[in-house]
Amino acid sequence: MHTTANRDGPNGDGDCSASIYRALRTGFRHFDTAASYGNEASIGKAVKQWTSEGHGNREDLTLTTKWGFSHDPKEEHDADGLLQQSLLHLGVDYIDLMLMHHPHVPPYTLQEAWKKMIVWQKQGKVRSIGVSNFAADHIMQLAHTGTMPAVNEIEFHPYSFSDPQVLKAVATCQELGIAIGAYTTLASLTRKEFQGGPVDEVVRHIAEDQKCTKAQVLLAWARQRTGGGPIVTTASTEKYFQETLDSLKVNLSDEQLGEIDRAGMQSAIRRRYALNVFPNGPVADRMVDGKL
Ligand SMILES: NC(=O)c1ccc[n+]([C@@H]2O[C@H](COP(=O)([O-])OP(=O)(O)OC[C@H]3O[C@@H](n4cnc5c(N)ncnc54)[C@H](OP(=O)(O)O)[C@@H]3O)[C@@H](O)[C@H]2O)c1
């Protein structure tokens with residue numbers, strides 16, 4: 001299970017290291033960040049405090065970061081520079097999992113960008129390499145390099161699950177042995193455009209039945225539907241951190257999984273970061289039904 005940090009600290013000061021440190025003390029060992037989130041240095045700071053206090057070692061942790069996302073589709077990336085910056089901010093000499101944040105990474109072609117990541121792995125600067133927000137076609141474009149991603153991290157919740165592009169991406173990943181990482185899993189609880197949708201009632205019933213919270217039902221659904229995750233979520237309180245960890249003990253029946261799937265299919269709004277609008281660039285990814 002991943003956790004991740006909010007961009008800004010509780011006081012809006014841009015330092016969320018206290019939150020990361022709390023997550024470490026609660027038991028999280030896998031952190032998901034990105035160059036574009038602006039919080040790698042906070043993770044580095046919290047890890048330094050945690051290790052220097054003797055609670056554990058760098059090797060006990062799995063650090064995932066990403067390069068190659070911009071809100072401006074014309075912005076050019078400097079892959080090697082971003083890698084060095086991530087290592088520096090995190091205060092480590094290797095990264096466990098580096099993801100290409102998005103399939104559009106000018107000035108590189110997809111293959112050029114992926115080949116750079118293969119070199120990083122050979123150099124030992126990153127242990128594993130993966131991708132994020134990749135549709136099936138993007139994944140297939142990497143095939144000729146002979147190295148496939150370890151993970152494809154995508155928006156994955158009951159309202160995105162039945163989107164044909166998501167289904168195709170998931171099927172392709174499963175066929176090729178690529179793990180599905182899930183983000184925005186709690187969308188039906190936390191995102192205005194999804195709140196009050198058909199999933200709510202089903203999740204409420206299942207939570208009562210399982211004697212757990214609605215968030216835990218959604219996290220368990222994503223874990224089971226992806227075949228084990230990793231599930232990327234974030235929280236600002238210890239209560240939510242603990243709920244996230246405890247969701248690993250929740251196991252939904254096939255019937256309950258199916259009820260959630262079917263409720264998700266009933267909504268007209270299925271997704272936010274739609275995989276099938278990628279050709280138009282990152283701004284379009286934030287469109288819902290054609291509107292920003
Ligand atoms: N690869 C990508 O392109 C990509 C894109 C988007 C996101 N992500 C990653 O995924 C992470 C999570 O994304 P997200 O924020 O969109 O999704 P999310 O996991 O669906 O929602 C997180 C929100 O859920 C709330 N929450 C956490 N635990 C809860 C609980 N037990 N009960 C009720 N509410 C709970 C938190 O509220 P509080 O803040 O109030 O605690 C938090 O704001 C991001 O931080 C990022 O690392 C990756």
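**Core, helix contact and loops of the predicted model**

The largest nonpolar core in this predicted model has 71 residues, and those with the most contacts inside it are Ile20, Met98, Met100, Ala169 and Leu218. Helix H9 gives the most to this core, contributing seven residues. In the chain as a whole, which has 292 residues, 45% are buried, and the secondary structure comes to twelve helices and eight strands. Of the contacts in the chain with a separation of 6 or more, 75% are accounted for by residues 24 or more positions apart.

One pair of helices may be described in detail. The axes of helix H2, which covers residues 40-52, and helix H3, which covers residues 79-90, come within 7 Å of one another and cross at roughly 35°. On the side of H2 the contact is made by Glu40, Ala41, Ile43 and Gly44, while on the side of H3 it is made by Ser86, His89 and Leu90. When the residues of this contact between H2 and H3 are divided by character, three are nonpolar, three are polar and one is charged.

The loop between strand E4 and helix H4 holds two features of interest. His101 lies in this loop, and UniProt, in an unreviewed entry, lists His101 under "binding site". His101 counts as buried because 24 other C-beta atoms lie within 10 Å, where 20 or more are required for that class. When residues up to four places away in sequence are not counted, His101 touches Ala34, Ser36, Lys66, Trp67, Gly68, Phe69 and Ser132. Pro107 is also found in the loop between strand E4 (95-100) and helix H4 (110-123), and a cis peptide bond, with omega of about 15°, joins Pro106 and Pro107.

A cis peptide bond also joins Gly229 and Pro230, with omega of about 5°. Pro230 is placed in the loop between helix H9 (214-225) and strand E8 (231-234); helix H9 is the element that gives the most to the core described above.

Positive phi values in residues other than glycine are found in two further loops. Phi of Asn133 is near 60°, although Asn133 is not a glycine, and this residue is placed in the loop between strand E5 (126-132) and helix H5 (136-140). Asn133 is classed as buried because 26 other C-beta atoms lie within 10 Å. Thr184, likewise not a glycine, has a positive phi of about 55° and is placed in the loop between strand E7 (179-183) and helix H7 (187-190). Thr184 is buried as well, since it has 22 other C-beta atoms within 10 Å, and 20 or more are enough for a residue to be called buried.

A final position, Lys168, lies in helix H6, which spans residues 164-176. Lys168 has 16 C-beta neighbours inside 10 Å and therefore counts as partly exposed, a class that falls between the 12 or fewer of an exposed residue and the 20 or more of a buried one. Although Lys168 and Ala135 are 33 residues apart in sequence, their C-alpha atoms are 7.6 Å apart in space.

Terms used
Residues are numbered from 1 along each chain as its sequence is written. This is a predicted model: local features need pLDDT of at least 70, side-chain atom pairs count only at pLDDT 80 or more; totals for chains, interfaces and linings use all residues. Axes are lines fitted to C-alpha atoms, for helices over the stretch in contact, and angles run from 0 to 180 degrees between N-to-C directions. Helices (H or I, at least four residues) and strands (E, at least two) are DSSP runs, numbered from the N terminus. Two residues are in contact if their C-beta atoms, placed from the backbone, lie within 7 Å. Ala, Val, Leu, Ile, Met, Phe, Trp, Tyr, Cys and Pro count as nonpolar, Asp, Glu, Lys and Arg as charged, and the others, Gly among them, as polar. UniProt positions are given in the numbering used here, feature names are shortened, and annotations may be inferred rather than shown by experiment. A nonpolar core is a set of buried Ala, Val, Leu, Ile, Met, Phe, Trp, Tyr and Cys residues joined through C-beta atoms within 7 Å.
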